[in-house]
Amino acid sequence: MHPFTLELTYQEIIIRITLSVIIGGMIGYERGHNNRPAGFRTHILVCLGATIVSLIQDFLRINILNLAIAYPEASKVLKTDLGRIGAQVVSGIGFLGAGTIMRDKGFIGGLTTAASIWATGCIGLGIGWGFYQLAIPAGIAILIVLVTLKAVERSIIENKHIVKMSISFKEGTRYSDNILDTYETLKRMNIEIKNLKKNKEENKILYTLIMSKQMEPCEIMCELSKSEYVTQIYEI
């Protein structure tokens, strides 16, 4: 059935609403199963709400089209923007997703859930218009990203963690040479330097390091403390 018709039957409306509940529930179950801030019911309501908005737009389209057919002279002044209400839904869901993002001590969480809410709303808009050939594969793709690619993310991306380390140098030594020596030591240990903050007045440097989770910070501290120019080193 082509999505743009001259009539919306109760059967078609029920199919669209049911499909939005199913797809939204599947995505929401994955999020709720992992104890995320927005889970099963939230995703269902987002998808269902977006579907209802699209259904309203579709009803408006049908009514205007039927009116234009019945009164051809009125078709010249009848206008409708099929994407205006849907655009407001997409931006509005962004505020809902922002409420799931949490920040604590430099850690930011909830971004994936916020993105899943936004994507679920977009799917709901497609379902409401009757674009099943787009909505169903899109819903499957979202589930694949959330479930299957999680293992890939953990094994590749999350296999590293960030450590901040402060190093104090011995008075009377050359500050630039000390930094170069610590850099060479870290490079030899295959540790990436994300950021560094110099404090030449106190003869200190603050490193932000990206290191493998298999490596302990004490290994770095022990290696750097072997140098005679290092007087103090500690993890922040």
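**Exercise 1.** Which cysteine sulfur is closest to the sulfur of C222, and how far away is it?

*Solution.*
Step 1. This is a predicted model. Start at C222 and look for its closest cysteine sulfur: it belongs to C218, 5.6 Å away.
Step 2. Apply the cut-off: a disulfide needs two cysteine sulfur atoms within 2.5 Å. The sulfurs of C222 and C218 are therefore too far apart for a bond.
Step 3. Count the disulfides by this rule: zero. C218 takes part in none.
Step 4. Check exposure. C218 is partly exposed, with a relative accessible area of 43%. C222 also counts as partly exposed, at 47%.

**Exercise 2.** Find the residues that make the nonpolar surface patch, and place them on the helices.

*Solution.*
Step 1. List the members: I52, I56, L60 and I85. Together they make a patch of about 320 Å².
Step 2. Assign the helices. Helix α2 (residues 40–70) gives the largest share, three residues. I85 lies in helix α3 (residues 84–98).
Step 3. Ask why I85 can belong to a patch. Patch residues need over 30% relative accessible area. I85 has 36%, so it passes that cut-off.

**Exercise 3.** Describe the largest nonpolar core and the contacts of I167.

*Solution.*
Step 1. Take the size: 19 residues. I167, F169, I191 and I220 have the most contacts inside this core.
Step 2. Name the elements that give two or more residues: β3 (160–169), α6 (175–188), β5 (204–212), α7 (217–225) and β6 (230–235).
Step 3. Zoom in on I167. Leaving out residues up to four places away in sequence, its contacts include T182, Y207, L224 and I233.
Step 4. Add the second, separate core. It has 12 residues, among them C47, I123, A135 and L146.

Key:
Residues numbered from 1 in each chain as written. Predicted model: local features only at pLDDT ≥ 70, side-chain atom pairs only at ≥ 80, totals over all residues. Heavy atoms only, no water. Patch = residues over 30% accessible without salt bridge, like charges linked within 9 Å, V, L, I, M, F, W, Y side chains within 5 Å. Areas by Shrake-Rupley, 256 points an atom, 1.4 Å probe, with all protein chains shown as cover. Salt bridge = Lys/Arg side-chain N within 4 Å of Asp/Glu carboxyl O. Helix = DSSP H or I, 4+ residues; strand = E, 2+ residues; numbered from the N terminus. Buried < 20%, exposed > 50% of the residue type's maximum accessible area, 1.4 Å probe, protein only. Core = buried A, V, L, I, M, F, W, Y, C linked by side-chain atoms within 4.5 Å. Contact = heavy atoms within 4.5 Å.
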